[in-house]
Amino acid sequence: MYTQGLDQQSSEDKKKSARDSGSSEDAAALAAFQKRVEAEEKIEAKDWMPDAYRRTLVRQISQHAHSEIIGMQPEGNWLTRAPSLKRKAILLAKVQDEAGHGLYLYSAAETLGVSREQMVADLLSGKAKYSSIFNYPTLTWADIGAIGWLVDGAAIMNQVPLCRCSYGPYARAMVRVCKEESFHQRQGFEIMLELSRGSEQQKAMAQDALDRWWWPSLMMFGPSDTDSRHSAQSMAWKIKRFSNDELRQKFVDVTVPQAQFLGLRVPDDKLRWNDATEHYEFGEIDWQEFHDVLAGNGPCNRERMAKRRRAHDEGAWVREAAEAYALKQAERQAA
Ligand SMILES: [Fe+2]
Ligand SMILES: [Fe+2]
């Protein structure tokens, strides 16, 4: 849900102008909006924007926030079992960063008029989606390496262009988020490097993690361009700068040499360098798996949601205490 309250023009004014000029007023507003977008002007919270632009951003930013919050679970699972105090401290900092990204993004979405309560309610009821990648289990310590390297790596590929998104609050939030994601990616790669230079067992563990996380990471870029519902409009609005397939290709081109450096094998028989295109060719993604996980039937969907609901219930006292404190502060200020 979002409100129209942030529109500069009140709904009464709009009705009046629509009566006066038919639909030409809307067409003029849309054209002016598109002109601003094309001139690379940032759209701010109080500016007029088409309803569909607002809805698209609310959906995208809230999904992004939910992914950060649910994304804490697979790694949080290893906090108590990290192999050293140093690794534990790094992982703790990383998981905390993800919580921060979630809160930061909820705030960005709130500037569009949607309430935090509504967004959280939509996540908990299952109405809102989060990134499917977090419905896969973290079976060994190497999975923590693979997530940082591949999942945060894919997130960076997706999010760096969002720093230039036409919506100002989202673009600015992404600048800080991307800086932290880059640390996450490096810590993951470093875990993989250490494992791949370790014992035969450690190397096998790293390979197994790559085998399990490679394809789900490629799926993170979303459906192929030919099947992507929202892409074209988002590109026209300069919310997106590159298509899903372009970003996926960039990710493969950057990541394959990293796997080679680690001495690990990317689990794709069709993977080969193409001299003419100067890109890697790669095999077909199992879209059935993607849609199954998206539909709620991945290995951990139920577990993730159950844990999130429990955490929300158990945190009720924190929300109540924060509200009581805010009320007390407000009363004191008024006095
Ligand atoms: Fe994040
Ligand atoms: Fe991250």
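This passage describes two iron sites, a pocket and three individual residues in a predicted model.

The iron ion (ligand 1) is held by four protein donor residues, namely Glu68 (OE), Glu98 (OE), His101 (ND1) and Glu181 (OE), which lie 2.0 to 2.2 Å from the metal. Along the chain these donors follow the spacing E-x29-E-x2-H-x79-E. The 4 donor atoms of the iron ion (ligand 1) enclose angles of 85 to 144 degrees, and the site is classed as irregular. Glu68 is placed in helix α3 (residues 51-70) and Glu181 in helix α8, so that this pair of ligating residues ties together parts of the chain that are 113 residues apart in sequence. Glu68 and Glu181 are both buried.

The second metal, the iron ion (ligand 2), has as its protein donors Glu98 (OE), Asp152 (OD), Glu181 (OE) and His184 (ND1), at distances of 1.9 to 2.2 Å. In sequence these residues are spaced E-x53-D-x28-E-x2-H. Here the 4 donor atoms subtend angles of 88 to 160 degrees, and the arrangement around the iron ion (ligand 2) is therefore irregular. For comparison, the ideal angle for four tetrahedral donors at a metal is 109.5 degrees. Distant parts of the chain are again linked, since Asp152 belongs to helix α7 (residues 141-159) and Glu181 to helix α8 (residues 168-196), with their positions 29 residues apart in the numbering. Asp152, like Glu181, is buried. The two sites are joined through Glu98, which coordinates both the iron ion (ligand 1) and the iron ion (ligand 2), and the two ions are 3.4 Å apart. Glu181 likewise appears among the donors of the iron ion (ligand 1) and among those of the iron ion (ligand 2).

Attention then turns to the open space in the model. The second largest pocket has a volume of about 560 Å³, and its lining is made up of 16 residues, of which Leu103, Val120, Arg308, His312 and Arg319 lie nearest the centre. Two or more lining residues are contributed by each of the helices α5 (85-110), α6 (116-125), α13 (301-314) and α14 (316-334). The greatest contribution to the lining of this pocket comes from α6, which supplies 4 residues. In composition the lining of the second largest pocket comprises 9 nonpolar, 2 polar and 5 charged residues.

Three further residues were examined individually. Ser132 is situated in the loop between α6 and α7, and with a relative accessible area of 13% this serine is buried, because the value falls under the 20% limit. When neighbours within four places in sequence are left aside, Ser132 is in contact with Val293 and Leu294.

Arg172 lies in helix α8, the helix that also contains Glu181. The relative accessibility of Arg172 is 46%, and this residue therefore counts as partly exposed. The C-alpha atoms of Arg172 and Ala27 are separated by 29 Å, and the two residues are 145 residues apart along the chain.

Gln201, by contrast, is located in helix α9 (residues 200-219) and counts as exposed, because its relative accessibility of 69% is over the 50% limit. Between Gln201 and Ile147, which are 54 residues apart in sequence, the distance from C-alpha to C-alpha is 19 Å.

Technical notes: Residues are numbered from 1 along each chain as its sequence is written. Chains are lettered from A and ligands numbered from 1 in the order in which they are written. This is a predicted model: local features need pLDDT of at least 70, side-chain atom pairs count only at pLDDT 80 or more; totals for chains, interfaces and linings use all residues. Side-chain values use heavy atoms; hydrogens and water are left out. On a 1 Å grid over the protein atoms alone, a cavity is a set of points where a 1.4 Å probe fits but cannot get out, and a pocket is an open set with protein on both sides within 12 Å along at least five of seven lines; lining residues have an atom within 4 Å of a point. Grid points are joined across faces, edges and corners, and a volume is the space filled by probe spheres set on the points. Ala, Val, Leu, Ile, Met, Phe, Trp, Tyr, Cys and Pro count as nonpolar, Asp, Glu, Lys and Arg as charged, and the others, Gly among them, as polar. Donors are N, O and S atoms within 2.8 Å of the metal (3.2 Å for Na, K and Ca); water is not among the atoms, so sites may look incomplete. Four donors count as tetrahedral if all angles lie between 85 and 135 degrees; four count as square planar and six as octahedral if opposite donors are over 155 degrees apart and all others between 65 and 115; anything else is irregular. Buried means under 20% relative accessible area, exposed over 50%, partly exposed in between (1.4 Å probe, protein chains only). Contact means heavy atoms within 4.5 Å.
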